[in-house]
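Here's a quick walk through this model, taken piece by piece. Have a look at the fold before reading on.

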Amino acid sequence: MSAFPQLVDRDLDQLEAILASLLQRTEAKAAMVTDIAGFVVSSSGDTESLDLTTLGALAANTYAASAAMAGMIGEPDFASLYQQGSENSLLIHALGQEALLTIVFDKSVKGGAVKHYATIAVKVLSTHLTMAAERAHGQTVDLATLNIADPNEIFRRKS
């Protein structure tokens with residue numbers, strides 16, 4: 001597992017813009033980028049009605065479980081997970097080895113459209129995270145080892 005790249009303000013702006021564009025195209029409720037352990041790095045949409053901290057952790061654990069199952073059947077990994085509910089659904093997609101994209105959408109939104117636009121967003125987000133890692137080579141953040149309850153203290157704008 002690789003560590004999450006160090007991000008600066010312009011990186012966070014880019015992540016927010018990519019997520020906002022994704023939500024506009026899909027009409028999904030909310031989207032977030034987390035590190036592989038589930039700590040929320042960036043989010044967009046109707047996030048007030050969601051417990052993003054818990055959702056991020058659960059999405060990461062769900063993804064980790066699916067990766068273990070993939071290995072059991074001879075697959076190197078599953079790129080994404082789709083959880084369909086009667087009112088709301090989730091799409092969890094890997095962003096390389098260090099991050100996840102989680103999208104929340106309701107039954108009025110077509111899952112196929114979310115999957116299509118998520119695939120495009122994943123490429124853009126992954127490229128951006130790779131560029132951030134190359135810019136600050138060797139400078140990474142492992143949020144799990146920080147043992148913090150609220151990662152917003154780490155990912156905040158300078159005053």
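## Helix 2 and a nonpolar patch

Met 69 sits in helix 2, which covers residues 52–72. Keep in mind that this is a predicted model. Is Met 69 buried, exposed or something in between? With a relative accessible area of 48%, Met 69 counts as partly exposed. Together with Met 72 and Ile 73, Met 69 makes a nonpolar surface patch of about 390 Å².

## The sheet

Now for the strands. There's an open sheet of 5 strands, paired antiparallel in the order 3-2-6-5-4. Strand 3 (40–45) and strand 4 (80–84) are the edges, each pairing on one side only. From one strand to the next, the twist averages 10°.

Strand 2 (residues 30–35) and strand 3 run antiparallel and are joined by 5 bridges. Across that pairing, Met 32 stands opposite Ser 43 in strand 3.

## Helices on the sheet

Which strands does helix 1 lie across? Helix 1 (residues 9–26) crosses strand 2, strand 3 and strand 6 (99–106), and runs at about 40° to strand 3. Helix 3 also packs on the sheet, where it touches strand 2, strand 4, strand 5 (88–95) and strand 6. The direction of helix 3 makes about 30° with that of strand 5.

## A residue in helix 3

Ala 113 belongs to helix 3 (residues 111–135). Its relative accessible area is 29%, so Ala 113 is partly exposed. Ala 113 and Arg 25 are 88 residues apart along the chain, yet their C-alpha atoms are separated by 8.5 Å.

Methods:
Residues numbered from 1 in each chain as written. Predicted model: local features only at pLDDT ≥ 70, side-chain atom pairs only at ≥ 80, totals over all residues. Heavy atoms only, no water. Patch = residues over 30% accessible without salt bridge, like charges linked within 9 Å, V, L, I, M, F, W, Y side chains within 5 Å. Areas by Shrake-Rupley, 256 points an atom, 1.4 Å probe, with all protein chains shown as cover. Salt bridge = Lys/Arg side-chain N within 4 Å of Asp/Glu carboxyl O. Helix = DSSP H or I, 4+ residues; strand = E, 2+ residues; numbered from the N terminus. Buried < 20%, exposed > 50% of the residue type's maximum accessible area, 1.4 Å probe, protein only. Pairing = 2+ DSSP bridges. Axes fitted to C-alpha atoms, helices over the stretch in contact; angles between N-to-C directions. Contact = heavy atoms within 4.5 Å.
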